[in-house]
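Please find below some comments on the model, set out as numbered points. They are meant to be read beside the sequence and the coordinates.

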Amino acid sequence: MNAAMAIKSLFFNPMFLSTVSSLCVAQVLKMVFYLITFKHKTRRDAIETMIWRTGGMPSSHSATVCALATSAGIRHGIDSDFFIFCLFFAMVVLRDSVGVRRAAGLQAKALNNLGKQSAKLTGLDFHSVKEVQGHTPLEVLVGSCLGIFIAICFYLFMK
């Protein structure tokens with residue numbers, strides 16, 4: 001099989017399609033929630049939210065890995081090594097989204113607040129650290145359900 005045929009075959013693979021669709025749908029929904037939630041919004045902020053900002057409702061990481069794991073379970077069976085790999089990969093990503101990344105973001109926010117207050121008192125320059133946003137448990141849950149739902153739909157309607 002040549003490279004062009006291999007790439008073309010991806011677009012007929014429900015596992016690939018459900019995973020990519022879950023990512024895209026979650027990012028579009030994230031932009032919609034952003035536009036509804038924030039008062040001071042610009043077109044650039046909305047596009048950045050859809051393309052590469054982290055955090056927010058729903059979690060696109062969760063949607064993606066849950067669609068992948070669900071697709072693997074449907075296609076290869078829940079007793080397959082591939083499904084077990086995808087399941088544990090999803091669990092690591094979900095835990096990281098709600099735990100480690102969220103904690104790091106909250107700590108960065110606290111550090112920036114402390115730095116700004118100290119800079120006002122001392123007159124010294126302070127350079128903020130990047131605040132990487134993780135997800136709340138609800139954002140992860142909604143993203144997970146979205147990914148599972150999309151994967152099931154692809155397998156139901158692509159037969």
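Is Leu156 buried or exposed?

1. Leu156 counts as exposed, since its relative accessibility is 59%, and its place in the fold is in helix H6. As this is a predicted model, that value, like the others in this note, is computed from predicted coordinates.

2. Leu156 does not stand alone on the surface, for together with Ile74, Ile148, Ile152 and Phe157 it forms a nonpolar patch whose accessible area adds up to about 500 Å². The greatest contribution to this nonpolar patch comes from helix H6 (residues 137-157), which supplies 4 residues.

3. Another residue of helix H6 that deserves a comment is Val142, which is partly exposed at a relative accessibility of 32%. Although Val142 and Ser62 are 80 residues apart along the chain, their C-alpha atoms are separated by 8.3 Å.

4. How many aromatic pairs does a search of the whole structure find? The search returns 2 aromatic pairs. In the pair made by Phe11 and Phe16, the ring centres are 5.6 Å apart and the planes stand at 85°, so the arrangement is edge-to-face; the cut-off that matters for this reading is an angle over 60 degrees. Phe16 itself is partly exposed, its relative accessible area being 27%.

5. The rings of Phe85 and Phe89 have their centres 6.3 Å apart, and because their planes are at 10° the pair is stacked, the relevant cut-off being an angle under 30 degrees. Both residues belong to helix H5 (residues 81-122), where a spacing of 4 residues separates Phe85 from Phe89 by about one helical turn. An α-helix has 3.6 residues a turn, so residues three or four places apart point the same way. Phe85 is exposed, with a relative accessible area of 54%, whereas Phe89 is partly exposed, with a value of 38%.

6. Two distances help to place Phe85, which lies in helix H5, with respect to other parts of the chain. Phe85 and Ala69 are 16 residues apart in sequence, and their C-alpha atoms are 8.3 Å apart in space. Asn112, whose place is also in helix H5, is 27 residues from Phe85 in sequence and 38 Å from it in space, C-alpha to C-alpha. Asn112 counts as buried, with a relative accessibility of 1%.

7. Ser118 is likewise found in helix H5, and with a relative accessible area of 34% it is partly exposed. Between Ser118 and Phe12 there are 57 Å in space, C-alpha to C-alpha, for a separation of 106 residues in sequence.

8. Helix H2 (residues 14-37) has 24 residues, and the distance from its first C-alpha to its last is 33 Å, which is close to the 34 Å expected at 1.5 Å a residue. At the start of H2, a side-chain oxygen of Asn13 comes to within 2.8 Å of the backbone nitrogen of Met15. Met15 is also one of the buried residues of H2, and this buried set includes, among others, Pro14, Leu17, Ser18, Ala26, Lys30 and Tyr34.

Notes: Residues numbered from 1 in each chain as written. Predicted model: local features only at pLDDT ≥ 70, side-chain atom pairs only at ≥ 80, totals over all residues. Heavy atoms only, no water. Phe/Tyr/Trp six-rings, centres within 6.5 Å; stacked < 30°, edge-to-face > 60°. Buried < 20%, exposed > 50% of the residue type's maximum accessible area, 1.4 Å probe, protein only. Patch = residues over 30% accessible without salt bridge, like charges linked within 9 Å, V, L, I, M, F, W, Y side chains within 5 Å. Areas by Shrake-Rupley, 256 points an atom, 1.4 Å probe, with all protein chains shown as cover. Salt bridge = Lys/Arg side-chain N within 4 Å of Asp/Glu carboxyl O. Expected span 1.5 Å × (residues − 1). Polar contact = N/O pair within 3.5 Å; in protein donor to acceptor, adjacent residues only side chain to side chain.
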